[in-house]
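Here's a quick tour of a protein model for anyone just starting out with structures. Have a look at the picture, then work through the notes below.

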Amino acid sequence: MSVSDLSAARLFYEGLFGWDMQEGPAEYGGYLNCAKNGRLAAGISPKMMPEAPDAWTIHFATSDVDAAAERVRTAGGQVLMEPMDVVELGRMAICLDPSGARFGLWRAGSHTGIGVFNEPASLIWTEQLSQSSEANLAFYGAVFGWEFHDMSSDGFRYSTFVSEGRDIGGVGEYGDDGPELAPQWWLYLAVDDTDEAVDRLIKLGGSVLRPPTDSPYGRLATVADNQGASFCVMAAPPEGYGE
């Protein structure tokens, strides 16, 4: 994620998830690797574009950032930050999809991305939500070659996308409150107890956008950190986290 105040973000996420914050060399601009039991769970950096909001940004792996960025343009998206090398860590670009949701491209060098997921204090799900999903489905299929499983029903538009035969995220539409919400990629970070995590988040200076509620996939809440970056926390159902 990219933030205005790195120290404030560090205190917040250390307190919320218990992450071990590992500082990179000075030439990396103060970048923090957020680790759980020695495995990378996330990263926090100062904002590279001052006008950008404090926000989480999902980065998708690609073998060729420059080619993927060109596919973004061809498919109707925008490239906000042109492909650039991040020393030996990798090569990246920042893009917008047709609805205006921000995401990143990453070709790994020495930094190969997250090393822990589907357990507490790590990523459990990600999804892109907007007011209309049709153009986004075509866009992401063209850029990444994703296949989609349509889960739509009356009044509900949603498709999961598949990698190596496994659902790894979704693209869908907001419900009745959609006009009030900006298109974006939402990150779901797993917790042991959603209500307890929300209480802790409030004490750390965060805010609740949607209170805890039960779903078929676990109890979840939509929240924002102490600098306004929004995300979701979710506790898995009793049968456990997905594989």
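Let's start in the loop between strand E8 (102-108) and strand E9 (123-130), which is where you'll find Asn-118. Keep in mind that this is a predicted model. The loop is a good place to look at backbone angles, and after that we'll move on to a helix, some aromatic rings and the cysteines.

**Odd angles in a loop**

- Most residues other than glycine have a negative phi.
- Asn-118 goes the other way: its phi is positive, near 60°, and it isn't a glycine.
- Asn-118 is also buried, because its relative accessible area is 17%, and the cut-off for buried is under 20%.
- Ala-121 sits in the loop between E8 and E9 too, and its phi is positive as well, at about 70°, although it is not a glycine.
- With a relative accessible area of 9%, Ala-121 counts as buried.

**Helix H1**

- Is the length of H1 what you'd expect, or is it off? At 1.5 Å a residue, the twelve residues of this helix (residues 6-17) should span 16 Å, and its end C-alpha atoms are 16 Å apart, so the two agree.
- The buried residues of H1 are Leu-6, Ala-8, Ala-9, Phe-12, Tyr-13, Leu-16 and Phe-17.
- Looking down the axis of H1, you'd see these buried residues fall within an arc of 155°, so they line one face of the helix.
- Here's the background: an α-helix has 3.6 residues a turn, so residues three or four places apart point the same way.
- Turned away from that buried side is a face carrying the exposed residues Ser-7 and Leu-11.
- At the N-terminal end of H1, Asp-5 acts as a cap, with a side-chain oxygen 3.1 Å from the backbone nitrogen of Ser-7.
- After H1 comes Gly-18, which has a positive phi, near 70°.

**Aromatic rings**

- How many aromatic pairs are there? The count comes to 26.
- One of them is Tyr-13 with Trp-19, a stacked pair whose rings are 5.9 Å apart centre to centre, with 15° between the planes.
- Both partners are tucked away: Tyr-13 is buried at 0% relative accessibility, and Trp-19 is buried with a relative accessible area of 3%.
- Phe-17 and Phe-231 have ring centres 6.5 Å apart and planes at 55°, so this pair is tilted.
- That pair links distant parts of the chain, as Phe-17 is in helix H1 and Phe-231 is in strand E16 (residues 230-235), 214 residues apart.
- Phe-17 counts as buried at 10% relative accessibility, and so does Phe-231 at 0%.
- There's also an aromatic cluster, and its members include Phe-60, Phe-103, Tyr-140, Trp-146 and Trp-185.

**Cysteines**

- A disulfide is a covalent bond between the sulfur atoms of two cysteines.
- How many disulfides does this model have? The count is zero.
- Why does Cys-232 have no bond to another cysteine? Its sulfur is 18 Å from the closest cysteine sulfur, in Cys-34, which is too far for a bond.
- Cys-232 is buried, with a relative accessible area of 2%, and Cys-95 counts as buried at 0%.

**A proline in a strand**

- Pro-46 is found in strand E4 (residues 39-46).
- Buried or exposed? Pro-46 is partly exposed, with a relative accessible area of 30%.
- Pro-46 and Gly-165 are 119 residues apart in sequence, and their C-alpha atoms are 36 Å apart in space.

How values were computed: Residues numbered from 1 in each chain as written. Predicted model: local features only at pLDDT ≥ 70, side-chain atom pairs only at ≥ 80, totals over all residues. Heavy atoms only, no water. Helix = DSSP H or I, 4+ residues; strand = E, 2+ residues; numbered from the N terminus. Buried < 20%, exposed > 50% of the residue type's maximum accessible area, 1.4 Å probe, protein only. Expected span 1.5 Å × (residues − 1). Arc of directions from axis to C-beta. Polar contact = N/O pair within 3.5 Å; in protein donor to acceptor, adjacent residues only side chain to side chain. Disulfide = S-S within 2.5 Å. Phe/Tyr/Trp six-rings, centres within 6.5 Å; stacked < 30°, edge-to-face > 60°.
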